[in-house]
Amino acid sequence: MDNPQRLLLIASPLMRRTRSASASLHIVALLESLDKLWLLESGKHQTEREAYRLAQQRQLETQANALRASGVQVTTEVAWSNDLQDDILQHVMEMQPDLLLKQVEHEPALKRAFFTPLDWQLLRHCPVPVYLLGASRPALPRQVVAAVDVADTSAEGQARNDSIVQQASALALQTGAQLDLLHACDLSMAYMGDMGYAAWAIGDIAAPLRQALEDDFKKLAERFGAPPERRHFVLGRPVAVLSEYVESQPVDVLVMGRPIARGLDRLFGSTTEHVLYQVPCNILVV
């Protein structure tokens with residue numbers, strides 16, 4: 001996604017206008033079909049459904065024409081959907097875009113307790129980077145933050161961190177934005193307890209562990225040429241640290257890694273998934 005040329009935007013009928021430059025953009029508005037018996041309904045009902053779809057198509061074309069006037073290649077599509085997740089992923093498989101764009105849907109906590117949100121499902125299963133639009137700020141980023149996790153020392157974790165920084169760097173370069181690197185260092189007793197450490201031992205290992213993580217973060221930052229003033233090593237739980245940082249700084253895009261849904265994360269969500277509901281900025285998940 002270093003220089004995306006083909007973008008797929010999933011739009012709701014109420015979605016605000018989104019701008020894109022130097023790429024072809026296909027906008028799909030999927031109208032969720034709540035009436036499961038529509039095939040058994042009268043011809044009048046089907047006529048009304050088609051009239052509604054055409055009205056949404058005209059509205060979408062009006063927005064697309066404004067983008068075309070600014071030089072963007074735009075195509076549009078409006079269709080009914082009985083399964084949004086499957087239909088979105090099917091569009092991704094057929095179109096093979098460089099990037100999927102979608103507006104964040106803020107699901108209430110009670111609903112998330114019983115149903116996995118659509119955005120979480122897309123983050124877990126979409127085979128291309130996902131750009132979730134949640135900002136009320138200008139569309140052109142001014143500050144991009146790469147949220148890395150140096151605590152994951154596996155080959156997969158290191159490759160994910162490299163991808164995060166590379167994609168964040170490319171986005172910052174394309175838009176002229178400031179790029180910052182951030183790592184939330186969580187040394188809480190909840191994590192230590194899982195490893196079998198007694199409470200008296202926490203103080204003995206916390207300091208060297210923190211130093212080791214800070215050293216790894218410094219090495220990662222130096223490898224990508226990030227100056228010291230653009231590096232942020234912050235103690236605390238990741239969701240809280242990221243939320244507080246975005247609230248206190250003019251962050252427009254937060255770049256994070258794809259969530260690995262294992263164990264309880266499948267039920268309660270990963271850091272990336274929970275951050276969706278905590279920050280007022282766009283999130284690029286790679």
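Okay, let's start with one word: a residue is called buried when its relative accessible area is under 20%. Keep that in mind, and keep in mind too that this is a predicted model.

So, helix 5, which covers residues 155-175. Which of its residues are buried? Quite a list: G157, R160, N161, D162, I164, V165, Q167, A168, A170, L171 and A172. Remember that residues three or four places apart in an α-helix point the same way, because there are 3.6 residues a turn.

Does the length make sense? Well, let's do the check. The helix has 21 residues, and at 1.5 Å a residue they should span 30 Å. The C-alpha atoms at its two ends are 30 Å apart, so that agrees. Right after the helix ends, G176 has a positive phi of about 75°.

Now for the inside of the protein. The largest nonpolar core holds 40 residues, and L25, I27 and V255 have the most contacts within it. Which helix gives the most to this core? Helix 5 again, with five residues.

Let's zoom in on V255. If we skip its neighbours within four places in sequence, V255 touches V144, V145, A146, A147, I164, A168, L284 and V286. You've met I164 and A168 already: both are on the buried list for helix 5. There's also another core, apart from that one, with 38 residues, including W120, L276, V279 and V285.

Next, a pair of helices. We describe two packed helices by the angle between their axes and the distance between the axes. For helix 2 and helix 4, that angle is about 35° and the axes are 10 Å apart. The crossing is right-handed. Who's making the contact? From helix 2 we have L84, Q85, I88 and L89, and from helix 4 we have L118, Q121, L122 and H125. Sorted by class, that's five nonpolar residues, three polar ones and no charged ones.

Follow helix 2 to its end and you reach a loop leading to strand 4, and Q96 is in that loop. Q96 isn't a glycine, yet its phi is positive, about 55°. Is Q96 buried or exposed? Exposed, because its relative accessibility is 51% and the cut-off is over 50%.

Last stop: K218, in helix 7. Its relative accessibility is 44%, so K218 counts as partly exposed. How far is K218 from R231? They're 13 residues apart in sequence, and 8.0 Å apart in space from C-alpha to C-alpha.

Definitions and conventions. Residues are numbered from 1 along each chain as its sequence is written. This is a predicted model: local features need pLDDT of at least 70, side-chain atom pairs count only at pLDDT 80 or more; totals for chains, interfaces and linings use all residues. Side-chain values use heavy atoms; hydrogens and water are left out. Helices (H or I, at least four residues) and strands (E, at least two) are DSSP runs, numbered from the N terminus. Buried means under 20% relative accessible area, exposed over 50%, partly exposed in between (1.4 Å probe, protein chains only). The expected span of a helix is 1.5 Å times one less than its number of residues. Axes are lines fitted to C-alpha atoms, for helices over the stretch in contact, and angles run from 0 to 180 degrees between N-to-C directions. A crossing is left-handed if the near helix is turned anticlockwise from the far one by less than a right angle, and right-handed if clockwise. Contact means heavy atoms within 4.5 Å. Ala, Val, Leu, Ile, Met, Phe, Trp, Tyr, Cys and Pro count as nonpolar, Asp, Glu, Lys and Arg as charged, and the others, Gly among them, as polar. A nonpolar core is a set of buried Ala, Val, Leu, Ile, Met, Phe, Trp, Tyr and Cys residues joined through side-chain atoms within 4.5 Å.
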